[in-house]
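Work through the exercises below with the sequence and the 3D view open. Try each task before you read its solution.

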Amino acid sequence: MQRSLLGRWMMNSPPSHDGLHAPMGTLVRDTDNDLVLCHVCGRWYRALGSHVRVHGLTADAYRQAFGLFASKALSSRGHTEARRAAQSGLYRRSARTRTDLGQGHRMARSGELADLASRQRPISPQRRAAQLRELAAGRRTRTATAEARLRDNLRELGFPDVRDGLVKLYIEQQNGIEELATLLRVSRAVVRRSLTDHGIEVRHTGVNSDAGKHSRVQANIAAAAALVGTTDLHRWLTERRAEGWTLARLAAALKRSIPWVRARLAEPAPPDHVKSAGAVRT
């Protein structure tokens with residue numbers, strides 16, 4: 001908190017009703033004079049790290065007592081920058097310093113340092129609360145973005161009203177959750193949440209619609225066709241059988257079972273399929 005925003009927090013500021021000279025969870029700074037305010041005595045210093053010892057506190061105990069982040073520097077900005085510059089200069093000049101810090105860098109990159117710190121110093125309640133707020137804000141942002149994408153994609157498909165579009169695609173056309181997620185370019189969780197929010201009952205897991213079953217079969221066929229470099233699996237199977245391929249050889253090439261291959265061969269050919277000449281072995 002900056003001094004210009006405090007009003008009453010002046011030099012040697014009197015304590016408030018709770019006996020503190022600065023608000024809990026706030027390190028009060030005087031930006032004009034580059035000083036920070038002690039919560040306990042109301043005096044201003046460039047750094048509080050050594051001063052708080054007169055109050056019987058360590059720097060860590062002071063942070064914990066007054067709700068400051070465990071990593072919060074107890075010094076003015078100018079003092080912090082000066083210390084940072086001095087430490088950077090020492091690092092550049094001293095080979096021993098670079099060697100000593102190199103081990104710490106390796107531990108940091110491997111995660112060992114973070115693990116050690118978490119075991120030795122529990123995360124402060126203030127830091128944990130801040131992390132939870134950031135996570136919640138991130139989830140809200142991602143959820144809003146996904147819902148906007150769902151609305152936009154439904155609009156592109158000709159459904160300006162979200163509920164009407166979901167009813168048409170999910171109820172009337174019997175598309176499944178996975179098919180809707182692919183079609184609308186969102187996750188299945190977003191589809192489920194949108195269906196629920198618009199009062200549309202979600203089918204229980206294991207209850208497959210005819211459209212859903214057909215879609216999965218077609219996806220499986222497309223994946224098998226990609227393995228052998230074709231877009232027309234029925235034609236490919238028919239031609240290979242005409243060349244004398246056995247069902248076992250076809251199944252091995254497609255990484256599918258023999259019954260699966262036999263079922264594909266038994267299906268009617270697509271309307272534009274021109275069958276290859278030649279006998280088909282049984």
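**Ground rules**

This is a predicted model: local features need pLDDT of at least 70, side-chain atom pairs count only at pLDDT 80 or more, and totals for chains, interfaces and linings use all residues. Residues are numbered from 1 along each chain as its sequence is written, and side-chain values use heavy atoms, with hydrogens and water left out.

**Exercise 1. Glutamate 243 and its salt-bridge partner**

Task: Which side chain meets glutamate 243 in a salt bridge, and which residues are linked with Glu243 in a network?

Solution:
- Start with the criterion. A salt bridge is a side-chain nitrogen of Lys or Arg within 4 Å of a carboxyl oxygen of Asp or Glu.
- Apply it to glutamate 243. Its side chain meets that of arginine 240, at 2.9 Å from N to O.
- Now check glutamate 239. It also forms a salt bridge with arginine 240, and the closest N and O atoms are 3.6 Å apart.
- Join the pairs. Glu239, Arg240 and Glu243 form a network of salt bridges.
- Put the network in context. The structure holds ten salt bridges.

**Exercise 2. Buried or exposed?**

Task: Sort arginine 240, glutamate 239 and glutamate 243 by burial class. Then do the pair of glutamate 267 and arginine 264.

Solution:
- Set the cut-offs. Buried means under 20% relative accessible area, exposed over 50%, and partly exposed in between (1.4 Å probe, protein chains only).
- Arginine 240 has a relative accessible area of 13%, so it is buried.
- Glutamate 239 has 24%, so it is partly exposed.
- Glutamate 243 has 53% relative accessibility, so it counts as exposed.
- Turn to the other pair. The side chains of glutamate 267 and arginine 264 meet in a salt bridge at 2.7 Å, N to O.
- Arginine 264 is buried at 11%. Glutamate 267 is partly exposed at 28%.
- Finish with the whole chain. Buried residues make up 30% of its 282 residues.

**Exercise 3. The sheet**

Task: In what order do the three strands lie in the sheet, and which are the edge strands?

Solution:
- Count the elements. The protein chain has twelve helices and three strands. Helices (H or I, at least four residues) and strands (E, at least two) are DSSP runs, numbered from the N terminus.
- Read the order. The three strands form an open sheet, E1-E2-E3, with antiparallel pairing.
- Find the edges. Strand E1 (29–30) and strand E3 (44–45) each pair on one side only.
- Recall the chemistry. Strands of a sheet pair through backbone hydrogen bonds, either parallel or antiparallel.
- Check one pairing. Two strands pair if DSSP finds at least two bridges between them. E1 and strand E2 (residues 35–37) have two bridges.
- Locate a bridge. Arginine 29 has valine 36 as its partner in E2.

**Exercise 4. Two helices**

Task: How do H11 and H12 lie relative to each other?

Solution:
- Fit the axes. They are lines through C-alpha atoms, for helices over the stretch in contact, and angles run from 0 to 180 degrees between N-to-C directions.
- Read the geometry. The axes of helix H11 (residues 247–254) and H12 come within 9 Å and cross at roughly 100°.
- Classify. Angles of 65 to 115 degrees count as roughly perpendicular, under 35 as roughly parallel, over 145 as roughly antiparallel and the rest as oblique. H11 and H12 are therefore roughly perpendicular.
- List the contact (heavy atoms within 4.5 Å). H11 residues in it include Leu247 and Leu254, and H12 residues include Trp260 and Leu265.
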